[in-house]
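Student: I have a protein model open and would like to go through it with you step by step. Could we begin with the overall picture and then move on to the details?

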Amino acid sequence: MRARRLLRRVTAGIPEDRNPVTHVTELPEREAGFAEWPDWVPAEVARAARASGVERPWTHQVEAASLIRAGRHVVIATGTASGKSLGYQLPVLAGLAEDPKAGALYLAPTKALGADQLRSVSSMDPGGVRPAAYDGDTPMAERDWVRAHARWVFTNPDMLHRGILPAHGRWARLFRRLTHVVVDECHSYRGVFGSHVALLLRRLRRVARHYGSDPVFVLASATTAAPDEFATRLSGVDCTPVLADASPRGARTVALWEPPLLEESAGENGAPVRRSAGAEAARILAELVIEGARSLAFVRSRRGAELTALGARRILSEVDSSLPDMVAAYRGGFLPEERRELEAALLSGELLGAATTNALELGVDIAGLDAVVLAGYPGTLASFWQQAGRAGRAGDGALVVFVARDDPLDTYLVHHPAAVLDRPVETAVLDPANPYVLAPQLACAAAELPLTAAELETFGGASARAVLDSLVADKVLRRRASGWYWTRRDRPQAEVDIRGSGGEQVAVVEAETSRMLGTVDATSACSTVHTGAVYLHQGSSYVVDELDLEAGLALVHAEAPEWTTSAREVVDISVLGTQREEVFGGVRTCLGEVAVTSQVVGYLRKLPSGEVLDQVPLDLPEQRLHTRAVWYTVSEELLREDTSSASRKGRAPGGTGLVPARIPGALHAAEHAAIGLLPLFATCDRWDIGGVSTALHEDTGEATVFVHDGHPGGAGFADRGYAALVPWLAATREAIVSCECPAGCPSCVQSPKCGNGNDPLDKAGAVVVLDIVLGAVRQHEGRHDHLMVNHAAERPTASNS
Ligand SMILES: Nc1ncnc2c1ncn2[C@@H]1O[C@H](COP(=O)(O)OP(=O)(O)OP(=O)(O)O)[C@@H](O)[C@H]1O
């Protein structure tokens with residue numbers, strides 16, 4: 001009732017024919033399932049848990065704890081704020097209490113989350129556990145103490161990779177009896193980073209084994225599909241899933257919301273633009289605050305969060321001068337104290353609304369809010385539910401509003417509620433067999449301890465073998481009878497950036513302070529840190545003054561202009577090898593290795609409203625990328641004559657095929673929309689992938705649409721696209737058809753990074769192309785007369801130079 005009332009409030013005054021709500025659904029309440037404290041839990045631990053408000057554990061916590069206690073590797077994949085932490089804290093603390101020599105490791109993707117967990121464990125320490133952080137912020141003086149005394153070390157993958165494993169001898173005390181390794185928020189390890197972390201965990205296991213221990217792995221994850229498969233792939237050990245969530249949850253009403261197209265057309269090529277999701281979120285937040293509802297709005301960037309809070313405050317100031325102070329932007333760079341304050345203020349009702357970046361999604365203990373607004377799809381369903389999960393107190397209904405941004409994926413989702421509401425959360429994609437990841441990781445492993453043939457299976461068997469051969473050929477490693485040896489005095493770890501591709505890096509440095517903000521892959525530097533680019537780092541905004549590719553340096557200064565920038569690239573692609581190929585009459589679908597040549601030719605400056613200010617030309621060198629792609633080709637006959645009955649029903653004028661002049665624009669539009677929709681199937685960001693379309697490709701000899709991974713060697717995205725080709729292209733078609741703009745806009749077929757200025761683009765033609773492809777695939781699949789070719793599955797190996 002309350003949620004419905006809130007929804008009426010936020011839509012009040014909007015004329016029915018302009019109602020932005022495309023769908024409303026109710027998610028029922030769930031009652032808590034309690035269990036007793038297992039008798040092996042130390043009394044001090046249970047007492048501390050009670051003091052923190054946990055009277056009795058929930059059943060899934062005891063299920064997880066008991067499995068871990070019994071020595072099973074476990075993945076706990078239950079909802080937001082379902083108390084996953086207690087599930088592993090109980091057995092780990094019990095184990096440490098019983099064996100004064102035992103030690104444990106905890107890994108979090110962010111330092112802030114590690115700090116939170118450390119605080120929680122410290123308050124429960126039954127004595128002698130001495131939990132401590134070991135991350136980039138740990139003062140040098142404390143590091144020795146941690147190595148010598150801490151029995152539960154809280155760190156992150158970066159520190160494990162650079163600080164702990166390379167110096168394992170100094171950590172011998174911990175490794176000798178390492179009983180548990182906790183990998184928190186493991187769903188965030190995806191793509192190239194995830195592939196690195198997967199291999200890093202294998203390195204960790206082998207070092208532990210070297211010292212005689214075989215730790216139990218505990219992975220905590222947001223709810224995902226097949227979490228056991230993912231956890232097993234990530235950790236390299238068989239994980240038992242704990243899925244039955246017994247934490248209580250209030251009823252929720254979820255509304256999907258599409259901002260209206262604005263009257264004036266200010267977009268590229270005169271395309272219409274929608275009211276921005278941030279502006280819409282500000283309005284909704286203000287209405288919720290007027291209703292007295294405790295609300296959180298998730299916005300993409302820190303600046304966006306500030307603008308949304310500001311917008312809401314402005315609206316509120318017109319209603320009552322006391323109201324604006326009830327709204328804040330959450331803008332701490334993940335400082336724990338600031339988050340504590342925000343949590344406390346929101347819980348007490350002192351603050352009613354906050355606009356925050358997606359970053360707040362991890363490791364914040366805020367639950368039971370009256371409303372959550374998501375301005376833009378956060379990229380994965382796991383994140384969507386993590387954010388939406390902040391709303392809903394037992395016994396009282398809460399409202400979740402998902403506001404679409406002007407992008408094909410968001411458009412698709414608000415028009416296809418089942419894709420958000422009824423779909424299992426996706427499995428995170430990672431590919432530990434990527435030679436570009438495997439090569440540096442194997443070099444690190446060999447530098448830690450010589451690699452033996454018996455260990456290769458852990459690192460991927462045949463692919464590891466091939467990569468080792470190339471490392472030996474490059475004289476990075478030496479092969480002896482007993483195994484593979486690192487040859488140099490220096491250590492490889494410092495050179496390997498596990499958050500990047502492992503290739504060369506460009507350092508992003510604040511010129512005034514010489515502070516290094518981060519690094520960017522050399523391959524993506526031209527598009528992300530070119531001169532004039534607005535670069536966001538942990539929600540703060542910087543502008544790039546100079547990109548020096550030779551020096552591997554991008555100099556920036558802090559500035560938050562009112563526009564954002566997006567680079568424009570022209571891309572060319574050649575096929576290096578086809579691994580999978582299916583022929584459906586005149587349509588062929590393929591997966592393989594490609595060489596992508598791209599050149600950033602300029603960038604677009606865009607206001608948050610979507611209005612395009614201008615395009616600034618740039619003169620940058622060509623970049624070459626060796627990666628993986630999925631592609632389809634369509635024969636000329638199919639494109640030109642109309643054989644598919646589906647396309648007669650489609651939007652092609654007159655229901656015929658395409659005249660030759662329309663083909664390039666049709667393929668181009670189909671490619672853009674497909675890039676926009678792949679994240680729905682491959683847990684990637686649209687910036688992680690790219691595409692090329694051409695009416696005649698010299699390698700395929702036909703009209704071809706390619707979608708490729710944006711990382712050297714690929715991160716598994718193209719493979720996932722190939723595996724889900726039909727649902728992916730069907731969703732792409734739906735996204736285009738759902739958008740009511742006349743001839744293409746950012747919500748359907750325009751791409752923010754198109755180097756050809758989104759020209760030519762033929763929206764209706766794209767539907768014809770997709771109908772032809774889908775029609776051919778379905779027709780031949782149904783008749784089982786299509787041809788499947790499995791080319792040699794071998795991947796060319798990459799050298800680690
Ligand atoms: N059995 C319980 N009874 C009551 N409250 C509990 C219980 N277990 C945990 N909690 C509380 O629930 C909140 C969320 O717990 P926790 O942060 O461990 O959840 P989580 O599943 O790790 O959350 P996230 O989705 O953010 O990863 C905490 O405030 C915790 O104290």
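Student: What radius of gyration does the protein chain have, and what would a compact globule have with 801 residues?

Tutor: Keep in mind that this is a predicted model. The protein chain has a radius of gyration of 27 Å, and because a compact globule with 801 residues would have one near 28 Å, the two values agree. Along its principal axes, the C-alpha trace spans about 80 × 75 × 60 Å.

Student: How many helices and strands are there in the protein chain?

Tutor: The protein chain contains 26 helices and 28 strands. If you take the contacts between residues at least 6 apart in sequence, 73% of them join residues that are at least 24 apart.

Student: And what percentage of the residues is buried?

Tutor: Buried residues account for 56% of the 801 residues in the protein chain. The largest nonpolar core has 229 residues, and those with the most contacts inside it are Leu285, Val373, Leu442, Leu678 and Val773. Helix α26, which covers residues 763-783, contributes the largest share of this core, with eleven residues. Apart from that core lies another one of 19 residues, including Val529, Tyr535, Tyr542 and Leu604.

Student: Let me pick one of those. Which residues does Leu442 touch, not counting those up to four places away in sequence?

Tutor: Leaving out those close positions in sequence, Leu442 touches Leu451, Phe459, Ala464, Val467, Leu468 and Leu471.

Student: Now the domains. Which ones does the domain assignment give?

Tutor: The assignment gives domain 1 (2-11 + 252-421), domain 2 (43-242), domain 3 (435-495), domain 4 (505-561) and domain 5 (570-790). The C-alpha centres of domain 2 and domain 3 lie 27 Å apart, and the contact between these two takes 15 residues from domain 2 and 13 residues from domain 3.

Student: Which element supplies the largest share of the side of domain 2 that touches domain 3?

Tutor: That is α9, with nine residues, while α7 (157-164) and α9 (191-210) each supply at least two. By class, the residues on this side of domain 2 divide into five nonpolar, six polar and four charged.

Student: Changing topic, which residues are closest to the ligand?

Tutor: The closest are Thr80, Ala81, Gly83, Lys84 and Ser85, out of 15 residues that surround the ligand. Helix α4, residues 84-98, gives the most to this shell, with three residues, and the shell as a whole has five nonpolar, eight polar and two charged residues.

Student: Where is there a cis peptide bond?

Tutor: The peptide bond from Asp759 to Pro760 is cis, with omega near -5°, and Pro760 is found in the loop between α25 (725-738) and α26. As background, most peptide bonds are trans, and most residues other than glycine have a negative phi.

Student: So what is phi for Arg130 and for Glu185?

Tutor: Arg130 has a positive phi of about 45° although it is not a glycine, and Glu185 has a positive phi near 50°. Arg130 is in the loop between α5 (111-122) and β4 (131-133), whereas Glu185 is in the loop between β6 (178-183) and α9.

Student: Is Glu185 buried or exposed?

Tutor: Glu185 counts as buried, because it has 21 C-beta neighbours inside 10 Å and the cut-off for buried is 20 or more. Arg130 has 17 such neighbours inside 10 Å, and therefore counts as partly exposed.

Terms used: Residues numbered from 1 in each chain as written. Predicted model: local features only at pLDDT ≥ 70, side-chain atom pairs only at ≥ 80, totals over all residues. Helix = DSSP H or I, 4+ residues; strand = E, 2+ residues; numbered from the N terminus. Rg over C-alpha atoms; globule rule 2.2 N^0.38 Å. Buried ≥ 20, exposed ≤ 12 C-beta atoms within 10 Å, placed from the backbone. Contact = placed C-beta atoms within 7 Å. Core = buried A, V, L, I, M, F, W, Y, C linked by C-beta atoms within 7 Å. Domains from an automatic or database assignment. Nonpolar A, V, L, I, M, F, W, Y, C, P; charged D, E, K, R; others polar. Near = placed C-beta within 6 Å.
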